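Work through the following exercises with the structure open beside you, and try each task before reading its solution.

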Amino acid sequence: MRDPGVSPVVELSDATLVDIVLKGESEAYATLVARYRDRYARFALHMLGNREDAEEALQDAFVRAYRSLHRCGDPARFGSWLLAILANRCRTAGGKRTRHERRFVSAEDRHYAIALDHPAEATAWREEIARALARLDADQREAFLLKHVQEMEYEQMSVVTGAGVSALKMRVKRACAQMRRMLTEGEDAPTR
Amino acid sequence: MRQHDDLDAMDQGDEVLERVVEELRRPLRVNAALFDARVMDEVLRPPSGLRARIASLTQPRTFRVSPLVALAAGLLFAVTAVGSVLYVLPSTPHAAPRVAARSAINSPIVQFGFAAPHASSVALVGDFNNWDPKATPLRAASTGGVWSVEVPIQPGRHLYAFVVDGTVWRPDPAAPKASGEDFGEPNSALTVADPGMR
């Protein structure tokens, strides 16, 4: 018998919820927020390197998505559509910070560490990963995260990023090579 | 192995990158109630003008209990409940709970929702009804297996749970668990804000 305590979050499809919201039941949007909040917060955190920027970008993405929900061409793929908005927000936020701060992640490592699920295990290894990610080109970092952390197919990634499949494969390949080199050889030079 | 399938762009057996991916896939802990409250506050913000905002503060809200939206009510309830703790006296007064209205006895009305598609009955029990499984039965929506009920509850912190089919005690999956346990069963925590504080 099915667990009677199953969360409502898993009960309605994205398409149904989008339809409900568009018909005026705005409160139903909370279910979509809950559905995508954590996994996309993780993406934003890895893209931007600190929790505050990540949550701000994600909140902004959710609000923008709501306000333009009528333009969501395929409500069944609301998640991909939302992620495209979020990725765009992360690019904008990351670009601003790059211009203004041009920082590496050392000052943010602590934020990064405490944002993860096991703060007591925030090791040097974790910090190395954060540092290496931050040194990737933004396009490569985005492609790497979408492919290997969000576990998307290249066709989906193409929809989200607007880039072609071939270009995305190249970005992922280069990102993997850069990450491997930085983490095994202790390479210190930025890739940009 | 799923992970190896996902790593098709990497060299198979690349231990370093597998460890990286494993680390990056760790769950992220977000303050769900606060985050959701912020998003929904923006989403539900009245579209225009000070007048609309004032009206939203002075006029009691009524429930819309269509079967479809009832499904989202459980989650929104968590947003409201916890948000009222973490979001006390927000800078924008319309951040008040959307599921709350004033009852005749001036207590906020809270809507409880619970998904139990195969249950024959669901009841709400809590310190506000002496944990009586017969006192507050939930009504089933016509579709979707969602049960709901609206209850006037006095401001303050309360513990509650659902009783399914008269015997199975369930906490609210959309609300924080209470730190303590009554009757040896898991409960959920609810904090109802004082309407006069808004």
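**Exercise 1. A loop residue after a helix**

Locate A:Glu151 and determine its backbone phi and its degree of exposure.

Solution. This is a predicted model, and A:Glu151 sits in the loop that connects H7 with helix H8 (154-161) of chain A. Its phi is near 60°, a positive value in a residue that is not glycine, and this residue comes just after H7(A). For the exposure, count the C-beta neighbours inside 10 Å: there are 15 of them, so A:Glu151 counts as partly exposed.

**Exercise 2. The helix before that loop**

Check whether the span of helix H7 (residues 138-149) of chain A agrees with its number of residues, and decide how far the helix is enclosed.

Solution. Begin with the span: at 1.5 Å a residue, the twelve residues should cover 16 Å, and because the end C-alpha atoms of the helix are 15 Å apart, the two values agree. Next, take the burial residue by residue, where the buried positions include A:Gln140, A:Arg141, A:Glu142, A:Phe144 and A:Lys147. Nine of the twelve residues of H7(A) are buried, and therefore the helix is largely enclosed by the rest of the structure.

**Exercise 3. Two loop residues of chain B**

Decide for B:Ala174 and for B:Asn130 whether each is buried or exposed.

Solution. B:Ala174 belongs to the loop between strand E6 (168-170) and strand E7 (188-192) of chain B. With 26 other C-beta atoms within 10 Å, where 20 or more are required, B:Ala174 is buried. Its C-alpha atom is separated by 8.9 Å from that of B:Gly113, although the two residues are 61 residues apart along the chain.

B:Asn130 is found in the loop between E2 and strand E3 (139-140) of chain B, and it has a positive phi of about 60° without being a glycine. Because 8 other C-beta atoms lie within 10 Å, B:Asn130 is exposed.

**Exercise 4. Confidence along chain B**

Find which elements of chain B have the lowest and the highest mean pLDDT, and identify stretches where pLDDT is under 50.

Solution. Start from the chain as a whole, whose mean pLDDT is 67, with 55% of its residues reaching 70 or more. Among the elements of chain B, helix H4 (residues 49-58) has the lowest mean, 46, while strand E2 (residues 122-126) has the highest, 92. Then turn to the stretches: over residues 1-6 of chain B the pLDDT stays under 50, and the model has four contacts beyond four places in sequence for them. Residues 78-102 of chain B also have pLDDT below 50, and this stretch has 62 contacts in the model beyond near neighbours in sequence. Where pLDDT is low, the predicted coordinates should not be read in detail.

Terms used: Residues are numbered from 1 along each chain as its sequence is written. Chains are lettered from A and ligands numbered from 1 in the order in which they are written. This is a predicted model: local features need pLDDT of at least 70, side-chain atom pairs count only at pLDDT 80 or more; totals for chains, interfaces and linings use all residues. pLDDT is the predictor's confidence in each residue, from 0 to 100. Helices (H or I, at least four residues) and strands (E, at least two) are DSSP runs, numbered from the N terminus. Two residues are in contact if their C-beta atoms, placed from the backbone, lie within 7 Å. The expected span of a helix is 1.5 Å times one less than its number of residues.
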